[in-house]
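Hello,

Here is the structure I promised to pass on to you. Have a look at it first, and then read on for what turned up.

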Amino acid sequence: MTRSARQQSNRTLALKLAGITLAMFGFGFALVPLYEVFCEITGLNGKGVNRIVSAAATAVDDNRWVTVEFLSGSNLAGSWEFRPSQSRMRVQPGRLYSVSYQARNPTDQAVTVRAVSSIAPGTAAGYISKLECFCFRQQRFAPEEQRMMPVRFMVDRALPPELGTISIAYTLFDSLNREAAPGS
Amino acid sequence: MTESVHAHADEKPPGLWRWVVTTNHKDIGTLYLLFALLMFFIGGSMSMVIRTELFQPGLQFTDPLFFNQMTTMHALVMIFGAVMPAFVGLANWQIPLMIGAPDMAFPRMNNWSFWILPFAFSMLLSTLFMPGGAPAGGWTMYPPLVLMTGDAFPYLIFSIHLMGLSSLMGAINIIVTILNMRTPEMNLMKMPLFVWTWLVTAFLLIAAMPVLAGVVTMLLTDRYFGSSFFNAAGGGDPVMFQHIFWFFGHPEVYIMILPAFGVVSTIIPTFARKPLFGYASMVYATASIAFLSFIVWAHHMFTVGMPLAAELFFMYSTMLIAVPTGVKIFNWVSTMWRGSMTFETPMLWAISFVVLFTIGGFSGLMLAITPADFQYQDTYFVVAHFHYVLVTGSVFGIFGAVYYWLPKWTGNMYNERLGKIHFWCSIVFSNLLYFPQHFLGLAGMPRRVPDYAIQFTDWNQVSSIGGIGFGLTQLIFVYIVFQAIRSGSKAPARVWDGAIGLEWSVPSPAPYHTFQEPPKLTEGELQREGI
């Protein structure tokens, strides 16, 4: 092979490899939507699904009781008081239940917060339907404001039988003062 | 080629400027290796701080924040500054010599990929003097913790971008050199195994490093430009970082070990005076390990809360890696079986590699068992595991390679007696350093802590004594290398009588320019396949 022919083929190969490099850089970012889609289909990360349910149309499973635990946490500056009105509840699949979370802004500034929910085990996430939740939208708190925020939920009758206890956790985050995608 | 070109064959630009502008693969290989040695000592001195602090419970010398800076920086410097550049240095020196090429395919890009590194590490090390200190959230940079890094944060991200750029240019250069510049008779299955492992490693680099560059860019935009990739408040997910990071991170560990496999596969046949057993199976095993490395990443995060199916998949796929790795181990042992073995310093390193890397591999299998990993996660057992594979694996492989090829590079034999002292001190102290960490981890001592419960004191003291001893031992190595550069008995062209390969057909020291014309392969050079 002549020198210039070899240089040409070296250059072609290097450009192809640089192409793979760029493609893999893009792939790193493509993993983000792929991850979201994967989790949404499988419900693996406990984010749950948004589904319309009609309370009237659902029959109650009278023979089954499930324990639902409520957890709270805060990722906000200042010692926010944030806790559920009860820490656990015995529920029947198909029946509608309510629980409220109490939050108090300890700071002397107005703060807009967002609560992000997480359901554990992740495989239960697809079987919890929320009809009303303070996590659906951002919540604005005046300085020192305290208020009760309701959650109305139902456990699906199709909940796999091995799941006897489900925990629902809410974590408060600063909403960063911008409109983000609504939580589940 | 004309006479005048021949006359200039050994001419180098004068003075230190030569090293800045050089495009010669041997010069650049030397630069990489010296840079790696410097970083080995910088990273090593950080580990001395860690081991000194851990000599007894309570806080003696450092505050916890500085301790965490030391663990984080130690890892970053050792991985990206010492082990990876050392292997790229070996590749630069040896690949053109082993395949009969006059130089790397892109000599000027080669210069650039080296000279990016000093800038990258100046940036990274400068963070030690910044308000808020150096990164302290662990080298894995998990958000949200890493986002709390002080002024050092953008320096961390951009230095990783630069290191990635350097590795990628190096990797592209190596692939093109190997695929296009071999001497005509050398087909792929006649390549030395070091060249094969580097070819596979370079492909791992171009597949994995861009993903790291992407994920740290996401961290950067999360912190400064209001994106929410990993911010739950904005709909992101911090666990996603771990998935993307380890998608890079697991291939990365093979990037750091495959070239060492190549080195050991070169050294053992030389001193066993037998061709490598199962050459073809070695090649396929290397490729299988590389493929598997992309589908096992979540074994680094078993406790993050994955469904059973995923835990099982990652457990079994991880254990599957033991099969091709076992093929390699048994091939090395079979190569030595009934060989006429001698135990010069490079061979000692290679044999200790086989033994100690296998210990690291076994503790890796223990960690791969998901239910057991729930206990081992984030304990000193993990620290012991990856130091066995990275220090007594990769670093010992590098030492073996340096002793093996040093006479070819410098033209002088190194001091064999000192080499053996360096080896034996290293092997005693490194086992004293890392083996007790298995016990500490199984007993429940967490990693990345400056203080610990008093029942862990004894083994920590043993480990610290081993650590200081191992650190001091490496000064012998520096002395040996510089002594071999300046003096020592003249080395013949074929330094080791059992050595095969084109690099031994050129004089020692290797002339500044070699293989301007593609060399012919002799019968001996073709004899790669064992029984």
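Let me start with an empty space inside: the second largest cavity has a volume of about 130 Å³. Its lining is made of 15 residues, and those closest to the centre are B:Phe80, B:Met84, B:Pro85, B:Val88 and B:Ser167. Please keep in mind that this is a predicted model. By the rule used here, there are two cavities of 30 Å³ or more.

Which helices build the wall of the second largest cavity? In chain B, α4 (64-99), α6 (152-180), α7 (193-224) and α8 (238-272) each contribute at least two lining residues. The most comes from α4(B), which gives five residues to this lining. As for chemical character, the lining of the second largest cavity holds twelve nonpolar residues, three polar ones and no charged ones.

Two of those helices deserve another word. The first is α4(B), and to place it you need the largest nonpolar core, which has 183 residues. The residues with the most contacts inside this core are B:Phe80, B:Met141, B:Trp198, B:Leu212 and B:Trp332. The largest share of the core comes from α4(B), with 22 residues. You will recognise B:Phe80 from the cavity, where it is among the residues closest to the centre.

The other helix is α6(B), where 22 of the 29 residues are buried, leaving the helix mostly covered. How far apart are the end C-alpha atoms of α6(B)? They are 42 Å apart, and this agrees with the expected span, because 29 residues at 1.5 Å a residue should also give 42 Å.

If you would like a single residue to click on, try B:Trp332. Setting aside neighbours within four places in sequence, B:Trp332 is in contact with B:Phe261, B:Val264, B:Ser265, B:Ile268, B:Leu276, B:Met282, B:Phe353 and B:Val354. Apart from the core that B:Trp332 belongs to lies another one, of 33 residues, including A:Val99, A:Val111, A:Ile166 and A:Ile168.

That brings us to chain A. What does chain A consist of, in helices and strands? Chain A has one helix and nine strands, and along the sequence they follow the pattern α-β-β-β-β-β-β-β-β-β. Of the 184 residues in chain A, 37% are buried. When contacts in chain A between residues at least 6 apart in sequence are considered, 76% of them join residues at least 24 apart.

Enjoy exploring it!

Best wishes

Key: Residues are numbered from 1 along each chain as its sequence is written. Chains are lettered from A and ligands numbered from 1 in the order in which they are written. This is a predicted model: local features need pLDDT of at least 70, side-chain atom pairs count only at pLDDT 80 or more; totals for chains, interfaces and linings use all residues. Side-chain values use heavy atoms; hydrogens and water are left out. On a 1 Å grid over the protein atoms alone, a cavity is a set of points where a 1.4 Å probe fits but cannot get out, and a pocket is an open set with protein on both sides within 12 Å along at least five of seven lines; lining residues have an atom within 4 Å of a point. Grid points are joined across faces, edges and corners, and a volume is the space filled by probe spheres set on the points. Helices (H or I, at least four residues) and strands (E, at least two) are DSSP runs, numbered from the N terminus. Ala, Val, Leu, Ile, Met, Phe, Trp, Tyr, Cys and Pro count as nonpolar, Asp, Glu, Lys and Arg as charged, and the others, Gly among them, as polar. A nonpolar core is a set of buried Ala, Val, Leu, Ile, Met, Phe, Trp, Tyr and Cys residues joined through side-chain atoms within 4.5 Å. Buried means under 20% relative accessible area, exposed over 50%, partly exposed in between (1.4 Å probe, protein chains only). Contact means heavy atoms within 4.5 Å. The expected span of a helix is 1.5 Å times one less than its number of residues.
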